[in-house]
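Look at the sequence and the structure together before reading on. The paragraphs below start from one pair of residues and then lead through the rest of the chain.

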Amino acid sequence: MNDFKEIKLKRNTSNTTAPTTDDIVVGEVAISAVDGKLYIRKQDDSIKAIDANEDDVIALAIALG
């Protein structure tokens, strides 16, 4: 039996446009494969961009389990 769970983030592979509040819900993470940024929708409905360097990606992987 495989205990691994797959997590699929919303992603953009065509441009560097940030997601809007219509694209992701509060707490949801999205990724831009074009510019390497992660985005999260905060509780105040703002979209926070995070430049994804190796340390950020490792921390996110740990946080997501």
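Alanine 30 has tyrosine 39 in S3 as its bridge partner. The model in which this pair appears is a predicted one. To place the pair, it helps to look at the whole chain.

The protein chain has four strands and one helix. Read from the N terminus, its elements follow the order β-β-β-β-α. How are the four strands arranged? They form an open sheet in the order S1-S2-S3-S4, and the pairing is mixed. S1 and strand S4 (47–51) are at the edges; each has a single partner strand, so one side of each has no neighbour in the sheet. From one strand to the next, the twist averages 25 degrees.

The word "mixed" can be followed strand by strand. S1 and S2 run parallel and are joined by three bridges. On this side of S2, arginine 11 is opposite isoleucine 31 in S2. S2 and strand S3 (residues 37–41), by contrast, run antiparallel, with four bridges between them. Here valine 29 faces its opposite residue, isoleucine 40 in S3, and alanine 30 pairs with tyrosine 39, as noted at the start.

What do S2 and S3 form together? They make a hairpin, with four residues between the two strands. One residue in the turn is glycine 36, which has a positive phi of about 75 degrees.

Serine 32 belongs to strand S2, which covers residues 29–32. Is serine 32 buried or exposed? Its relative accessible area is 2%, and the limit for a buried residue is under 20%, so serine 32 counts as buried. The side chain of serine 32 makes a polar contact of 2.8 Å with the side chain of aspartate 35. Which residues does serine 32 contact once neighbours within four places in sequence are left aside? They are Asn12, Asn15, Lys37 and Tyr39.

One of those contacts, asparagine 12, leads across to strand S1 (residues 10–12), where asparagine 12 has its place. With a relative accessible area of 17%, asparagine 12 is under the 20% limit and therefore also buried. A polar contact of 2.8 Å links its side chain to that of asparagine 15. Not counting residues up to four places away in sequence, asparagine 12 touches Thr17, Ile31, Ser32, Ala33 and Val34. In the protein chain of 65 residues, buried residues make up 14%.

The next topic is charge. Side chains of opposite charge can pair when their charged atoms come close. How many salt bridges does the count give? It comes to two. In one of them, the side chain of glutamate 28 meets that of lysine 10, at 3.7 Å from N to O. This pair links distant parts of the chain: lysine 10 is in strand S1, glutamate 28 is in the loop between S1 and S2, and the two are 18 residues apart. Lysine 10 has a relative accessible area of 40% and is partly exposed.

Another salt bridge joins aspartate 45 to arginine 41, whose closest N and O atoms are 2.7 Å apart. What are the relative accessibilities of these two residues? Aspartate 45 is at 39%, so it counts as partly exposed. Arginine 41 is at 15%, so it counts as buried.

Both partners of this salt bridge also meet a residue from another part of the chain. Leaving aside its neighbours within four places in sequence, threonine 21 is in contact with Arg41, Asp45 and Ile47. Threonine 21 lies in the loop between S1 and S2. It counts as partly exposed because its relative accessibility is 34%. Threonine 21 and serine 46 are 25 residues apart along the chain, while their C-alpha atoms are separated by 7.6 Å.

How does that separation in sequence sit among the contacts of the chain as a whole? Of the contacts between residues at least 6 apart in sequence, 7% join residues at least 24 apart. The accessible surface of the protein chain completes the picture: it comes to about 5100 Å², and carbon and sulfur atoms account for 52% of that area.

Terms used:
Residues numbered from 1 in each chain as written. Predicted model: local features only at pLDDT ≥ 70, side-chain atom pairs only at ≥ 80, totals over all residues. Heavy atoms only, no water. Buried < 20%, exposed > 50% of the residue type's maximum accessible area, 1.4 Å probe, protein only. Polar contact = N/O pair within 3.5 Å; in protein donor to acceptor, adjacent residues only side chain to side chain. Contact = heavy atoms within 4.5 Å. Pairing = 2+ DSSP bridges. Axes fitted to C-alpha atoms, helices over the stretch in contact; angles between N-to-C directions. Areas by Shrake-Rupley, 256 points an atom, 1.4 Å probe, with all protein chains shown as cover. Salt bridge = Lys/Arg side-chain N within 4 Å of Asp/Glu carboxyl O.
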